[in-house]
Amino acid sequence: MPHNGCPHMCSFCNQNKITGQAYQPTPLDVEQTLDKAASDLGERTKNAEIAFFGGSFTAIDRTYMLSLLDATKKFRDKFCGIRISTRPDYIDKEILDILKSYGVTSIELGAQSMSDDVLLANDRGHSAESVFKSSELIKSYGFSLGLQMMTGLYKSDIQKDLYTAETFVKINPDTVRIYPTVIMKDTKLAELYLNGEYTPYSLEKSVNLCSKLIELFEKNNIKIIRLGLHYSDSLVNNSYGDNYHPAFKELCENKLFYDKFIEKAKDFPDLNEIKTVVVNSKSLSKFLGQKRSNVNKLNELGYNFSVCFDDTLQKYELYLK
């Protein structure tokens, strides 16, 4: 539902070009999509959610919103729940009562930052306090809470981004999404970039930061359900800069393992003492890095080792011996 219901045009937002579409779904579209999904997925629908994204679901025309939810009725017992995305300042008891009655199970809030100066500079139209209040209310109703943050926004920096993530941990959502800022054409952010008033993070800087965020959220049992924007030709063709990467999460996971190796290697006075790296077998590719980039860099530093597996380890754990 590209941009529908959004009362503000945020500095970074051009949903039509991010998604490559402007069409707003009808109730019939919802029914046909879910009918096809149920047919294609079969029993796997029990692990799939119905989701409404791209706009601020609770801020759209109320009649339209209810018509979309009505269209899900005959499919609700086939799927595990309904997920919606909305703004922190469009949550109250009335809307939560409605969502509960229609079978909505998960609510994600586009918080983006927990620094009021960053929110103001990017024309968000809400405060950090709105995020706190809405999150508390959503959790009190028994919904699964998701929070979305953006890194590298105009007027933000590494410390402010870390503050946002650490504040998310205090709120304790069930899930988070992390979106490194991509400069879309025909936005205020694009103007600031072209005028030299805004400098985006480099890809390397984004990877360094987000690798730390992965560890922070994992340590606090908060599930990261998205890291980086979904690829689309429209996104690539309508953005500036070179800080977008279609496999961004993988780059961050590679960096996380590289940094963990370097940190643990400090316990060995002689680098030749390190004979083996132990990881979970499912994490092998994450440790090796894209095109064995981690292994190649470590070999260049003088480390030579074999890799073995211990599947009792968590996915981001490793030890050296």
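## The three-stranded sheet

Strand β9 (residues 276-279) and β11 are held together by three bridges and run antiparallel. If you want a spot to start looking, take Val-279, whose bridge partner in β11 is Leu-318. One thing to keep in mind while browsing: this is a predicted model.

Zoom out a little and β9 turns out to sit in the middle of an open sheet of three strands, ordered β10-β9-β11, where the pairing is mixed. The edges belong to β10 (306-309) and β11 (318-320), each of which pairs on one side only. From one strand to the next, the twist averages 25 degrees.

There's a helix to go with this sheet. α11 lies across β9 and β11, and its direction is at about 35 degrees to β11.

## The six-stranded sheet

The model also has an open sheet of six strands, and here the pairing is parallel. Reading across, the order is β1-β2-β3-β4-β5-β7. At the edges you'll find β1 (49-52) and β7 (223-227), each pairing on one side only. Ignoring direction, neighbouring strands of this sheet are turned by 20 degrees against each other on average.

For a closer look at one edge, follow β1 to strand β2 (residues 81-86): the two run parallel and are joined by four bridges. Phe-52 has Ile-84 as its bridge partner in β2.

## Helices α3 and α4

Next up is a helix pair. Two packed helices are described by the angle between their axes and the distance between the axes. For helix α3 (residues 62-70) and helix α4 (residues 93-101), the axes come within 11 Å and cross at roughly 25 degrees. Angles under 35 degrees count as roughly parallel, so α3 is roughly parallel to α4.

Who touches whom? On the α3 side, the contact is made by Arg-62, Met-65, Leu-66 and Leu-69, and they meet Glu-94, Ile-95, Ile-98 and Leu-99 in α4. Sorted by class, this contact of α3 with α4 has six nonpolar residues, two charged ones and no polar ones.

## The second largest pocket

Now for some empty space. The second largest pocket holds about 220 Å³. Which helices each supply at least two residues of its lining? They are α9 (203-219), α11 (248-265) and α13 (293-300). The largest share, four residues, comes from α11, the helix that also lies across β9 and β11.

In full, the lining of this pocket consists of Glu-204, Val-207, Asn-208, Leu-251, Asn-254, Lys-255, Tyr-258, Gln-290, Ser-293, Asn-294 and Lys-297. By class, that lining divides into five polar, three nonpolar and three charged residues.

## A cavity

How many cavities of 30 Å³ or more does a search of the whole structure find? The search turns up one. The largest cavity contains about 50 Å³ of space.

Its lining is made up of Pro-180, Val-182, Gly-228, Leu-229, Asn-243, Tyr-244, His-245 and Phe-248. Five of the residues lining the largest cavity are nonpolar and three are polar, with no charged ones. The lining of the second largest pocket, by contrast, includes three charged residues.

Key:
Residues numbered from 1 in each chain as written. Predicted model: local features only at pLDDT ≥ 70, side-chain atom pairs only at ≥ 80, totals over all residues. Heavy atoms only, no water. 1 Å grid on protein atoms, 1.4 Å probe; cavity = no way out; pocket = protein on both sides within 12 Å on 5 of 7 lines; lining within 4 Å. Points joined across faces, edges and corners; volume = space filled by probe spheres on them. Nonpolar A, V, L, I, M, F, W, Y, C, P; charged D, E, K, R; others polar. Axes fitted to C-alpha atoms, helices over the stretch in contact; angles between N-to-C directions. Parallel < 35°, antiparallel > 145°, perpendicular 65-115°, else oblique. Contact = heavy atoms within 4.5 Å. Pairing = 2+ DSSP bridges.
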